[in-house]
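Q: Please pick out one part of this structure and go through it closely. I would like to know what holds it together and how it sits within the rest of the chain.

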Amino acid sequence: MREDLTKINNTTYSLDKIFPDAQDFLPLLGTDYVEYYVGNAKQAAHFYKTALGFQSLAYAGLETGVTDRTSYVVVQDKIRIVFTTPMPGEDNEIFDHIKKHGDGVKVIALWVDDAKKAWEETTSRGAESYLEPKTEKDNDGEVATSGIKIYGDTVHIFVERKNYKGTFMPGFEKWESHYNPESVGLKYIDHMVANVGWNEMNIWEKFYNETMGFANLITFDDKDISTQYTALMSKVMTNGNGRVKFPINEPAKGKKKSQIEEYLDFYDGPGVQHVAVATDDIVSTVSAMKARGVEFLYVPGVYYDTVGDRVGEIAEDMAILKKHGILVDRDDEGYLLQIFTKPLTDRPTLFFEIIQRKGAQSFGKGNFKALFESIEAEQERRGTL
Ligand code: FE2
């Protein structure tokens, strides 16, 4: 029996109580950063600052001695996002990634205490290497990294930064900007969701279980997640301390095309579908994002006719939630509030979820139907249903 305690969202949990099946050969301290490969990193970073409330953090490019790529790093509380675009060169894998997938998530970086050990533990259990362990230094210390391949062209990079006090990583310099829009209140990454191909969900469940020690927290079958027309299945994988959660979706047969199938067509393969970010005040976060031009999925007003019966007493004013289209769900530990943006990229692929947990540790199962009907309405408009 482990006696460890961990803090999630200011609530202390016993590890054994929540995730007893996880193994601890790969201790994770949390998500370190998320890196997108994009067609124009400068403009993407500007959008995340302007519309989503991030701040400038770091920069790498010609001025810092990096010649094959340009990267801008933005930050909001514990969330760091890196936008990287390729510079001219014959053998630049970033070009191929963008050509195939459009703008999308390349790296889910995980914060570890020992990057070499993380690589050894995972590759010895069958993970394919992406980056052999290496250490980079500058005047602020050193950062050790290593990496493994996951679904599609996506990768995990393990980042060990205990001997580093610089802004981000060696090779980057601090990005000072005169334009520093206010935060919208995003705090940390709650979960990141993968879309994988037909019959691949169980393959990736096995991967996260066997090579990374994750446990299956919950499974949703196509009866849980279906509407009149479309369906999908999902398994939520978590590491031992619950700081890193990866739901894995695959399409299921329905009368019309699953939203997961639409994603796979437009991303040209498996990849990250959404990044869920936590806030302490979803109404003010969503109001601020809307004022800055972010578009959210539309939820039909009838959703609010019955939601009160389903979730019971909540602290928020239902009329305000309805005005913004914020969804509510309850489980036996409490309730949660959530809302989904429209795709943030030109292709209908990547989007953000904004989530506020008030005790509930689940994923909004009670909202799936309303949510997927509103996604179908968007698919209909795109001609991809
Ligand atoms: Fe989610």
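**Salt bridges, the sheet and the iron site**

A: The structure holds 25 salt bridges. The model is a predicted one, and the part chosen here is the sheet, along with the contacts made by its strands and by a helix that lies across them.

The sheet comes before the pairs. It is open and is built from 8 strands, with mixed pairing, in the order S13-S14-S15-S12-S16-S19-S18-S17. At its two edges are strand S13 (215-220) and strand S17 (327-331), each of which has a pairing partner on one side only. On average, neighbouring strands of the sheet are turned by 25° against each other, with direction ignored. In general, the strands of a sheet pair through backbone hydrogen bonds, in either a parallel or an antiparallel way.

One pairing can be looked at in detail. Strand S12 (residues 186-195) runs parallel to strand S15 (residues 245-252), and the two share 2 bridges. The partner of Asn-195 in such a bridge is Asn-249 of S15.

S12 also takes part in a salt bridge. Asp-190 pairs with Arg-357, and their closest N and O atoms are 2.7 Å apart. Asp-190 belongs to strand S12 and Arg-357 to strand S19 (residues 351-358), so this is a link between distant parts of the chain, 167 residues apart. Are these two residues buried or exposed? Asp-190 has a relative accessible area of 5%, so it counts as buried, the cut-off being under 20%. Arg-357 has 9% and is therefore buried too.

Another strand of the sheet, S14, contributes a second pair. Lys-235 forms a salt bridge with Glu-205, with 3.0 Å between the closest N and O atoms. Here the link runs from strand S14, which holds Lys-235, to helix H5 (residues 201-210), which holds Glu-205; the two residues are 30 residues apart. Both Lys-235 and Glu-205 are buried.

A third pair joins two helices. Arg-382 and Glu-262 meet through their side chains in a salt bridge of 2.8 Å, taken from N to O. Arg-382 is in helix H10 (residues 368-382) and Glu-262 is in helix H6, so this pair ties together parts that are 120 residues apart in sequence. The two ends are placed unlike each other with respect to the surface: Arg-382, at 34% relative accessibility, counts as partly exposed, whereas Glu-262, at 3%, is buried.

Where does helix H6 lie? Helix H6 (residues 259-267) lies across four strands, namely S12, strand S14 (231-238), S15 and strand S16 (271-279), and runs at about 115° to S16. Gln-259 is also part of helix H6. With a relative accessible area of 7%, Gln-259 is buried. Leaving aside residues up to four places away in sequence, Gln-259 touches Leu-232, Gln-273, Phe-372, Ile-375 and Gln-379.

Strands S12 and S16 come up again at the metal. Which residues coordinate the iron ion? The donors are His-191 and His-274, each through NE2, and Glu-353 through OE, at 2.0 to 2.2 Å. Along the sequence, the spacing of these donor residues is H-x82-H-x78-E. His-191 is in strand S12 and His-274 is in strand S16, so the pair ties together parts that are 83 residues apart in sequence. Both histidines lie away from the surface: His-191 counts as buried at 3% relative accessibility, and His-274 is buried at 7%.

Elsewhere, salt bridges also join up into a network, which links Asp-32, Arg-80 and Arg-161.

The setting of this part is the whole chain, which has 10 helices and 19 strands. Its radius of gyration is 20 Å, close to the 21 Å that the globule rule gives for 385 residues, so the chain is as compact as a globular protein of that length. Along the principal axes, the C-alpha atoms fill a box of roughly 60 × 50 × 40 Å. Of the 385 residues, 56% count as buried. Among contacts with a separation of 6 or more, 67% are between residues 24 or more positions apart. The pair Asp-190 and Arg-357, at 167 residues apart, is one example of a link between distant parts of the chain.

Terms used:
Residues are numbered from 1 along each chain as its sequence is written. This is a predicted model: local features need pLDDT of at least 70, side-chain atom pairs count only at pLDDT 80 or more; totals for chains, interfaces and linings use all residues. Side-chain values use heavy atoms; hydrogens and water are left out. Two strands pair if DSSP finds at least two bridges between them. Axes are lines fitted to C-alpha atoms, for helices over the stretch in contact, and angles run from 0 to 180 degrees between N-to-C directions. Contact means heavy atoms within 4.5 Å. A salt bridge is a side-chain nitrogen of Lys or Arg within 4 Å of a carboxyl oxygen of Asp or Glu. Buried means under 20% relative accessible area, exposed over 50%, partly exposed in between (1.4 Å probe, protein chains only). Donors are N, O and S atoms within 2.8 Å of the metal (3.2 Å for Na, K and Ca); water is not among the atoms, so sites may look incomplete. The radius of gyration is taken over C-alpha atoms; the globule rule is 2.2 Å times the number of residues to the power 0.38.
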